[in-house]
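Hello,

Here is the structure I promised to pass on. Please open it first, then read my notes below.

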Amino acid sequence: RREAERSLALTTSALSRSLAIIRQLSEITTSGGKHLALATRSIVDALGGHSAATLVMSGGHLICVAASGSGLPGLRVNMQLSPLPSQILSAWVDDPLVCNPALVEALGKSAELKLEPERTCVIPFAVNGKPKGAVVAISDNASTFADLTGLEIGIIAEALGSLVSRGEMEAQLSQSSKMEAIGQLTGGIAHDFNNLLTVVLGNAEALTDKLSELPDLREMAEITVNAAMRGSELTSRLLAFARKQTLEPRVMDVSQLIQG
């Protein structure tokens, strides 16, 4: 009975800790771009460690995107970790838990420390069902993470993945809004510029016809016509961007383009 009560007490404590972490992660805003740093700090503080780093897989490399605490002196944000074996990189997609020892070793090399696995806790997280990264928490005491269960790690990982997913979605929406605003601005400028070019081109063509007996001045008028025509082509490209028209790739003579 005492063993059952002890187990129940540990489970209750673990769930309370998990709920506290989830609550903190859900209150983090992603607009400032510091959500991973805040999440890393919240997790390591709640788990009782002294330092933590969030690692993300990008382009076949592990990159440190956030760090908390002073226990990783050689680690920097946006730092690429030491190369991992190819079998670890391929195993990451299937089962990130298998990669935990390799992640700890790579983090230790990059931070210029020898990390002991029993004093670390790895929490891998996924975005849209695909492994994305992991939080590696570090403690001075081997018993700090002893009562962590797979269930609790899974709960924290789910909340962390949701936070990262929310951040990526908001970043995409922000970028889309920026592009839409740029498109509207570009379209307005292109229309006004086109109106000015119409005047320039019309007058330059009229001058070309009138200056048939003055070759030097006629050449200057023709140069003005050519420049206006090139400006008109540029305006068409700006309007194509503003209207999100489908691009039409074509073969170009690079030397002729450079000379022009």
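Helices α5 and α6 are roughly antiparallel to each other, because their axes cross at roughly 160° and an angle over 145 degrees counts as roughly antiparallel. Keep in mind that this is a predicted model. To find the pair, look for residues 150–210, which form α5, and residues 215–242, which form α6. The two axes come within 8 Å. The crossing of α5 and α6 is left-handed. By class, their contact has 17 nonpolar, 10 polar and 4 charged residues.

α5 has a second partner to look at. Helix α2, residues 35–47, packs against α5 at an angle of about 165°. Their axes are 11 Å apart. α2 and α5 are therefore roughly antiparallel to each other as well. The crossing here is right-handed. On the α2 side, the contact is made by H35, L36, A39, I43 and L47. They meet I156, L160, L163, V164 and G167 in α5. By class, this contact has 8 nonpolar and 2 polar residues, and no charged ones. The spacing of such positions fits a general point: an α-helix has 3.6 residues a turn, so residues three or four places apart point the same way.

Now stay on α2 and find T40, which lies in that helix. Is T40 buried or exposed? T40 is buried, with a relative accessible area of 0%. That value falls under the 20% limit for buried residues. Leaving out residues up to four places away in sequence, T40 touches A52, A53, T54, A66 and S68.

Some of those names come back at V135. This residue is found in strand β5, residues 130–138. V135 is buried too, with a relative accessible area of 1%. Which residues does V135 touch, not counting those up to four places away in sequence? They are I43, A52, A53, T54, C121, V122, I123, F125 and L160. Two of these also appear in the helix pair above: I43 in α2 and L160 in α5. A52, A53 and T54 are also touched by T40. Take A53 as one example of a link across the sequence. V135 and A53 are 82 residues apart along the chain, yet their C-alpha atoms are separated by 5.7 Å.

Next, helix α4, residues 100–110. It is largely enclosed by the rest of the structure, because 8 of its 11 residues are buried. The buried ones are N100, A102, L103, V104, A106, L107, G108 and S110. After α4 comes E112, whose phi is positive, near 60°.

Last, the overall picture. The protein has 7 helices and 5 strands. Along the sequence they follow the pattern α-α-β-β-β-α-α-β-β-α-α-α. Of the 260 residues, 35% count as buried. The accessible surface comes to about 16,400 Å², and 56% of it belongs to carbon and sulfur atoms. Now take the contacts between residues at least 6 apart in sequence: 59% of them join residues at least 24 apart. The V135 and A53 pair, 82 residues apart along the chain, shows what such a separation looks like.

If you have little time, begin with α5, since its packing against α2 and α6 is described above. Then go to T40 and V135.

Best wishes

Conventions:
Residues are numbered from 1 along each chain as its sequence is written. This is a predicted model: local features need pLDDT of at least 70, side-chain atom pairs count only at pLDDT 80 or more; totals for chains, interfaces and linings use all residues. Side-chain values use heavy atoms; hydrogens and water are left out. Axes are lines fitted to C-alpha atoms, for helices over the stretch in contact, and angles run from 0 to 180 degrees between N-to-C directions. Helices (H or I, at least four residues) and strands (E, at least two) are DSSP runs, numbered from the N terminus. Angles under 35 degrees count as roughly parallel, over 145 as roughly antiparallel, 65 to 115 as roughly perpendicular and the rest as oblique. A crossing is left-handed if the near helix is turned anticlockwise from the far one by less than a right angle, and right-handed if clockwise. Contact means heavy atoms within 4.5 Å. Ala, Val, Leu, Ile, Met, Phe, Trp, Tyr, Cys and Pro count as nonpolar, Asp, Glu, Lys and Arg as charged, and the others, Gly among them, as polar. Buried means under 20% relative accessible area, exposed over 50%, partly exposed in between (1.4 Å probe, protein chains only). Accessible areas come from the Shrake-Rupley method with a 1.4 Å probe; for residues, only the protein chains shown count as cover.
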